[in-house]
Amino acid sequence: MKDIVIHILRDRCKGCGVCVEVCQTQVLAMSEDKNVQGFTYPIAVAPEMCLLCGMCEMFCPDFVIWAEIDREEAQK
């Protein structure tokens with residue numbers, strides 16, 4: 001099983017929710033918390049379900065999210 005790391009720069013997020021909408025496997029959800037700008041931001045609620053399709057990264061207008069295989073775990 002691959003370990004996925006989902007990177008989210010929450011303080012740069014403007015809370016549009018596009019990443020949540022385009023995620024095919026419901027990996028993401030919007031947090032109830034707010035960032036320093038006062039916006040809600042995405043959180044990874046099921047990273048193990050990530051397909052590494054790149055849709056969240058491709059559609060994010062602010063380049064705040066991307067996913068990758070955890071390289072340290074992959075080398076074990």
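Here are some short exercises on the predicted model shown above, each with a worked solution.

**Exercise 1. Find how many helices and strands the protein has, and the pattern they follow along the sequence.**

Step 1: Count the elements. The secondary structure comes to three helices and four strands.

Step 2: Read along the sequence. The elements follow the pattern β-α-β-β-α-β-α.

**Exercise 2. Work out whether the radius of gyration agrees with that of a compact globule.**

Step 1: Start with the expected value. For 76 residues, a compact globule would have a radius of gyration near 11 Å.

Step 2: Compare it with the model. The protein has 12 Å, so the value agrees with that of a compact globule.

Step 3: Add the dimensions. Along its principal axes, the C-alpha trace spans about 40 × 25 × 20 Å.

Step 4: Look at the surface. The accessible surface comes to about 5,200 Å², and carbon and sulfur atoms account for 53% of that area. Of the 76 residues, 26% count as buried.

**Exercise 3. Describe how strand 2 and strand 3 pair, and look at what lies between them.**

Step 1: Find the direction. Strand 2 and strand 3 pair in the antiparallel sense, over four bridges.

Step 2: Pick out one bridge. Leucine 28 has alanine 44 in strand 3 as its bridge partner.

Step 3: Go to the connection. The two strands form a hairpin with five residues between them, and glycine 38 in the turn has a positive phi of about 95°.

Step 4: Visit valine 36, which is also found in the loop between strand 2 and strand 3. Valine 36 counts as exposed because its relative accessibility is 68%, and the cut-off for exposed is over 50%. Its C-alpha is 9.5 Å from that of cysteine 13, although these two residues are 23 apart in sequence.

**Exercise 4. Locate the salt bridge and explain which parts of the chain it ties together.**

Step 1: Find the pair. The structure holds one salt bridge. Lysine 14 forms it with aspartate 62, and their closest N and O atoms are 3.3 Å apart.

Step 2: Place both residues. Lysine 14 is in the loop between strand 1 (4-8) and helix 1, whereas aspartate 62 is in the loop between helix 2 and strand 4 (65-69), so the pair ties together parts 48 residues apart in sequence.

Step 3: Check the accessibility of lysine 14. With a relative accessible area of 48%, lysine 14 is partly exposed.

**Exercise 5. Identify which residues touch the most other members of the largest nonpolar core, then follow the contacts of cysteine 19.**

Step 1: List the well-connected members. The core has 13 residues, and those touching the most other members are Ile6, Cys19, Val27, Leu28, Cys50, Cys56 and Ile65.

Step 2: Follow cysteine 19. Setting aside neighbours within four places in sequence, cysteine 19 is in contact with Leu28, Pro42, Cys56 and Ile65.

Step 3: Widen the view to the whole protein. Among contacts between residues at least 6 apart in sequence, 59% join residues at least 24 apart.

**Exercise 6. Compare the backbone and surroundings of glutamine 26 and leucine 52.**

Step 1: Recall the usual case. Most residues other than glycine have a negative phi.

Step 2: Check the angles. Glutamine 26 has a positive phi of about 55°, and leucine 52 also has a positive phi of about 55°.

Step 3: Find their loops. Glutamine 26 lies between helix 1 (18-22) and strand 2 (28-34), while leucine 52 lies between strand 3 (40-44) and helix 2 (55-59).

Step 4: Judge the accessibility. Glutamine 26 counts as exposed at 57% relative accessibility, whereas leucine 52 counts as partly exposed at 30%.

Notes: Residues are numbered from 1 along each chain as its sequence is written. This is a predicted model: local features need pLDDT of at least 70, side-chain atom pairs count only at pLDDT 80 or more; totals for chains, interfaces and linings use all residues. Side-chain values use heavy atoms; hydrogens and water are left out. Buried means under 20% relative accessible area, exposed over 50%, partly exposed in between (1.4 Å probe, protein chains only). A salt bridge is a side-chain nitrogen of Lys or Arg within 4 Å of a carboxyl oxygen of Asp or Glu. A nonpolar core is a set of buried Ala, Val, Leu, Ile, Met, Phe, Trp, Tyr and Cys residues joined through side-chain atoms within 4.5 Å. Contact means heavy atoms within 4.5 Å. The radius of gyration is taken over C-alpha atoms; the globule rule is 2.2 Å times the number of residues to the power 0.38. Accessible areas come from the Shrake-Rupley method with a 1.4 Å probe; for residues, only the protein chains shown count as cover. Two strands pair if DSSP finds at least two bridges between them.
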